[in-house]
Amino acid sequence: MVQEKWVALSNTTMGVLMATINMSILIIALPAIFTGIHLNPLLPGSFVYLLWILMGYMIVTAVLLVTIGRLSDMFGRVRLFNLGFLIFTIGSILLYFTPGKGDAGALELIIFRIIQAVGGSFIFANSYAIITDNFKKEERGFALGINAIAATAGMSIGIVVGGILATINWRYIFLVSVPVGIVGTVWSYLKLKETSPKKKQSLDIPGNITFAGGLIILLIGVTYGIAPYKTSAMGWGNPWVKIALIVGTALLVLFPFIERKIKNPMFNLSLFKIRGFAAGSFAGMISAMGMMGFMFMIIILFQGIWLPLHGYSYASVPFWAGIYMLPMTVAMGIFGPIAGKYSDTHGQRWLASLGLIVSGTALLLLVLLPADFIYIFMAILLFMFGAGMGIFTAPNTSAVMSSVPADVRGSASGMLSTLRNVGTTASMGIFFSILILGLTTDLPGTLSSAILTAGGGHVLANEMSKLPPTEAIFGALLGINPAKVIIELLPSSVVASIPPSALATITATTWFPTVFAPAFMKSLHIVFYTGAAIVFIGALISILREPLRKSKTEKADKSNTAEKAELQDKAVKMKR
């Protein structure tokens, strides 16, 4: 049994790390990918591909996790975890061999990413449950801590890996998962043993349709809400976006009422009566919201402003952004396992809450940094934010998974992961909307004045003032100089009328970040204040959880599940 628990931990951690790395690896590698398929993502007809390549993976995992968690309780967690490894590997191979170019290539990438996301969903939904099944209560914090930190750190590791591989060949971004997937698939099928009890229940078809439909429609509405619409900087005024938000919300409101009528509901609403599960799950969702929002904003700050100001070419900024964000990854790797181990003997409640308070404080302190900051101060705050997330994630996951009965851990794991993924996806809509709203007011006049000051003339100034804030932000995210893109789209006669000295000034590496910085930092500060408030709310929710040692569920479930599994395993061997 001792060997089996370490097989379970190492295999699930490998799977979660691989799946989360692939959630963020594209953030940095998008410039190389779009160059490789010969598509300019900032062109009006191509922007939707950019959004779907970025967010499609997160939307699919958010939708599928609860259903897969429930199926795992019915058919076996290890069986479906193994299937997830296989599907993920197939998706990675398809992505590596993407044959198309232009629009066709972008569509193929989106479809293959969805396949990859399906496999990732099987992995996410079962990892926590498999570990909880195999480890004793006094060891779970450490084990779940390692797995949870792999999930959190994988987001930042993906940025570094993507930056490195993108400089070699964009296809290697997807190839890197293939050998890991093959090894993990073979190893899990050969060594990972099923220890979970299976529940003979019917699948909740009405609940699945309502939940999946509502969440998909709502998240699609959020996705298109941050895209430009006609003359508007954002798409919230788009009638289809409004309809999507209304219909999606209505279906999700209807969902719990349907679940109450179903004999075997997919979403075990009774688990929310367990305060430890409810508080920990919602705190996890809020932490994911803060984590993803923080990462996107810092990447834009690095790639769009700080690195170009310090002489880095736009082509190289994705790689260096990953390198400069390493303090956050290192902090998670250090504090996650330590916090998990400490929580096994001292409790999870206050430790998890402290982690969110530390991360929220880091967000507040970021407001003090100027656009052209001294890096050592940024590194300290990155380390501080990562340490807080590491301190929170491991104890919180352990508390949530230990608060529920053994026979519903698959569902609980899926529900926890679903809420985290919903938080991750929603953060993009919330934080980007705040950022774009602020830029809409200040950016057009700032760009127009800067063009006239540089001697670019009124025609170019007028065109530059029309630059949608969304394209300016994603241009920075993609490592593209938006000024160059606009000039390339102008008629040759207009470009010829611009003095060469003005062209040289406007297309220089430092011109756009210098002009963009004041308006961007003003909006970014509002984002940081909002993010800090959200994270502090998560800390309050975490404090209000019931201490695990007083949990009624734990008292009722005194017998250790790992020991039960060992007895079941021995019985199976005797029959053989």
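Thr514 is partly exposed, with a relative accessible area of 47%. In this predicted model, the residue belongs to helix H21, which covers residues 511-543. A polar atom of the Thr514 side chain lies 2.6 Å from the backbone oxygen of Thr510. In sequence, Thr514 and Ile305 are separated by 209 residues, yet their C-alpha atoms are 7.2 Å apart in space.

Ser433 sits in helix H15, which runs over residues 409-454. Its relative accessible area is 14%; this value is under 20%, so Ser433 counts as buried. The side chain of Ser433 makes a polar contact with the side chain of Trp236, at 3.1 Å. Trp236 also appears among the residues that Ser433 touches once those up to four places away in sequence are set aside; the others are Ile226, Met234 and Met428.

Thr61 is a further buried residue, with a relative accessible area of 0%. Its place is in helix H2, made up of residues 47-75. When neighbours within four places in sequence are left aside, the contacts of Thr61 are with Ala117, Ser121, Phe124 and Asn421. One of these partners, Asn421, falls within the residue range of helix H15, 409-454, the helix that also holds Ser433.

The three residues can now be set against the chain as a whole. Its secondary structure consists of 23 helices, with zero strands. The radius of gyration is 24 Å, close to the 25 Å that the globule rule gives for 576 residues, so the chain is as compact as a globular protein of that length. Along the principal axes, the C-alpha atoms fill a box of roughly 85 × 45 × 45 Å.

Burial and contacts come next. Of the 576 residues in the chain, 61% are buried, and Ser433 and Thr61 are among them. Among contacts with a separation of 6 or more, 85% are between residues 24 or more positions apart. The contact of Thr61 with Asn421 and that of Ser433 with Trp236 are examples of pairs brought together from distant parts of the sequence.

The surface and the charges complete the description. The chain has an accessible surface of about 21500 Å², and carbon and sulfur atoms account for 70% of this area. The chain carries 40 positive and 23 negative charges, and the mean positions of the two sets are 7 Å apart.

Conventions. Residues numbered from 1 in each chain as written. Predicted model: local features only at pLDDT ≥ 70, side-chain atom pairs only at ≥ 80, totals over all residues. Heavy atoms only, no water. Helix = DSSP H or I, 4+ residues; strand = E, 2+ residues; numbered from the N terminus. Rg over C-alpha atoms; globule rule 2.2 N^0.38 Å. Buried < 20%, exposed > 50% of the residue type's maximum accessible area, 1.4 Å probe, protein only. Contact = heavy atoms within 4.5 Å. Areas by Shrake-Rupley, 256 points an atom, 1.4 Å probe, with all protein chains shown as cover. Lys, Arg positive; Asp, Glu negative; His and termini not counted. Charge placed at Lys NZ, Arg CZ, Asp CG, Glu CD. Polar contact = N/O pair within 3.5 Å; in protein donor to acceptor, adjacent residues only side chain to side chain.
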